[in-house]
Amino acid sequence: MSVQLQLGFAFDNSFVRDLPGLFEPWQAATAPTPRLLALNEPLALELGVDPDALRAPGGVAMLAGNVVPNGANPIAQAYAGHQFGGYSPRLGDGRALLLGEVFDINGHRRDLHLKGSGRTPFARGGDGKAAVGPMLREYLIGESLHALGIPTTRALAVVATGEDIYRDGMVPGAVLTRIAASHLRVGSFQYAAANDDATLLARLADYAIARHYPAAFERTDRYLALLESVVAAQASLIAHWMLVGFIHGVMNTDNMTISGESIDFGPCAFMDEYDATTVFSSIDNGGRYAYGNQPAVAQWNLARFAETLLPLIDADQGTAIELATEVLKSFVKRYDARWHEGLSLKLGLNGELQTNTELLDDFIELLSNQRVDFTSSFRALSSLLRGEASQAHLLFEHSESFNAWTQRWQQCLAGDPLHIADAMDHVNPLYIPRNHLVEEALADAMDDDMGRVEHLVSVLTQPFEARPGLHEFERPAPSSFRGYRTFCGT
């Protein structure tokens, strides 16, 4: 039994209380010599916890899984899932534990979760451990997404365990402490729907509604309302990803949250040159989760979610299918509206979307044809409005087609060009986790030098404001970095 520790977390473990059958009680493996690598101070304060208490030996021991905070009830959650299209009936937290739920300073319920904490009953032959590199990547990407205003799980800390684990070679192990609105997944519903307990699915659905979409209880068709809410949340989330060039990497159904937060972005990265077929994950050989496929994959995952809810939506299966299908069809309309609205803002356009849609689509085609850096292109346009054309001309080598598009674009702009440029810079990041810089930072961290990681975090948490001395963080990866691949670390 792990030692109990008081750190200021006030736990209320509703998942354990309300959903027996969807977890196994479990304890983390012991980390031999835990050492704090990264601590998210703003997030700690948001949770109402003193960062210094987490830096102390007892706090580090808790973050490593060696001790259990008072009131916590560690469990490994059960879920199923489609992985690269193939269904697995029993996945679950193979290397993770939900310590429990805490309330932040705003009264919001948040999951406190360990990743890389050792084998569980769901480990499926894995060692249950995680490596320093992938855990720090999740920390970096999570903070970047959060700063960009994209719903996401976040890392509270990354702790080195003091032991080496085998991947392609021996690498240092780590545990990540993740904070989430919840860890309810599409795969959670798939597991419950396949369970022999007829009431488990309804209990899970009611729990998800109460935790994330309480307004659905006001409707007589609350389970259809749940589906509508999740479809809307995911349509907005995927549009957010696409608008900044983020590629999740492994959009399995067990990696899609009910809350609408980004989660389990292991082999993830941000696109440099615009190419809808861009893939970074080393295991995505067929390009299933390529940048341009993400909206369609999300709708496919939501169809699997809808299938689990059919018995709750209506006793008549035909009626349930008809109702759920209409909701699923709304995903495309919701996504397209959010995408075009967001792209319109990125381009400084505030007119009717119907009149600008062709212009927006033509800009994306321009990026694709000329393989222009996605992030830099929008900043180049705002610079153009300020009379600084050099960056745009460097990016868009075929000036004739670019000039023709910019003439149409500028005719659609309404207002002072300088004010429009400023508005564009408020929604178009200057700093994203450039892949070559992430790799340099992670390589240093593997050699016990956290300087680059800490500096990169400080840059990414203020992505829109230009600051002196940070030009290297604006530039795309060098051409030698083409063919870049990422790894999930399992």
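Here is a walk through a few helix packings, a salt bridge and some enclosed spaces in this structure. Keep in mind that what you see is a predicted model.

Let's start with helix H6, residues 186-193. The axis of H6 comes within 8 Å of the axis of H7, and the two cross at roughly 155°. Angles over 145 degrees count as roughly antiparallel, so that is the label for H6 and H7. As for the hand of the crossing, H6 and H7 make a left-handed one.

Stay with H7 for a moment, since a salt bridge starts there. The side chain of Arg211 meets that of Asp111, with 2.7 Å from N to O. Where do Arg211 and Asp111 lie? Arg211 belongs to helix H7 (residues 200-212), while Asp111 is in strand E9 (residues 109-115), so this pair ties together parts that are 100 residues apart in sequence. It has company: the count of salt bridges in the model comes to 37.

Moving along the chain brings us to helix H8, which covers residues 222-244. H7 packs against H8 at an angle of about 60°, and their axes are 10 Å apart. That angle makes H7 and H8 oblique to each other. The crossing of H7 and H8 is left-handed.

H8 has another partner, helix H10, made up of residues 317-346. Here the axes come within 8 Å and cross at roughly 30°. How are H8 and H10 oriented to each other? Angles under 35 degrees count as roughly parallel, and H8 and H10 are therefore roughly parallel. Their crossing is right-handed. If you look at the residues of this contact between H8 and H10, you'll find 17 nonpolar, five polar and four charged.

Now for the empty space. Rolling a probe the size of a water molecule over the atoms shows where such space is left. In this model there are three cavities of 30 Å³ or more, and the largest holds about 70 Å³ of space. Which residues lie nearest the centre of the largest cavity? They are Gln234, Trp241, Asn255, Met256 and Thr257, out of 13 residues that line it. By character, the lining of the largest cavity splits into six nonpolar residues, six polar ones and one charged. H8 turns up again here: with four residues, H8 gives the largest share of that lining.

Note on methods. Residues are numbered from 1 along each chain as its sequence is written. This is a predicted model: local features need pLDDT of at least 70, side-chain atom pairs count only at pLDDT 80 or more; totals for chains, interfaces and linings use all residues. Side-chain values use heavy atoms; hydrogens and water are left out. Axes are lines fitted to C-alpha atoms, for helices over the stretch in contact, and angles run from 0 to 180 degrees between N-to-C directions. Angles under 35 degrees count as roughly parallel, over 145 as roughly antiparallel, 65 to 115 as roughly perpendicular and the rest as oblique. A crossing is left-handed if the near helix is turned anticlockwise from the far one by less than a right angle, and right-handed if clockwise. Ala, Val, Leu, Ile, Met, Phe, Trp, Tyr, Cys and Pro count as nonpolar, Asp, Glu, Lys and Arg as charged, and the others, Gly among them, as polar. On a 1 Å grid over the protein atoms alone, a cavity is a set of points where a 1.4 Å probe fits but cannot get out, and a pocket is an open set with protein on both sides within 12 Å along at least five of seven lines; lining residues have an atom within 4 Å of a point. Grid points are joined across faces, edges and corners, and a volume is the space filled by probe spheres set on the points. A salt bridge is a side-chain nitrogen of Lys or Arg within 4 Å of a carboxyl oxygen of Asp or Glu.
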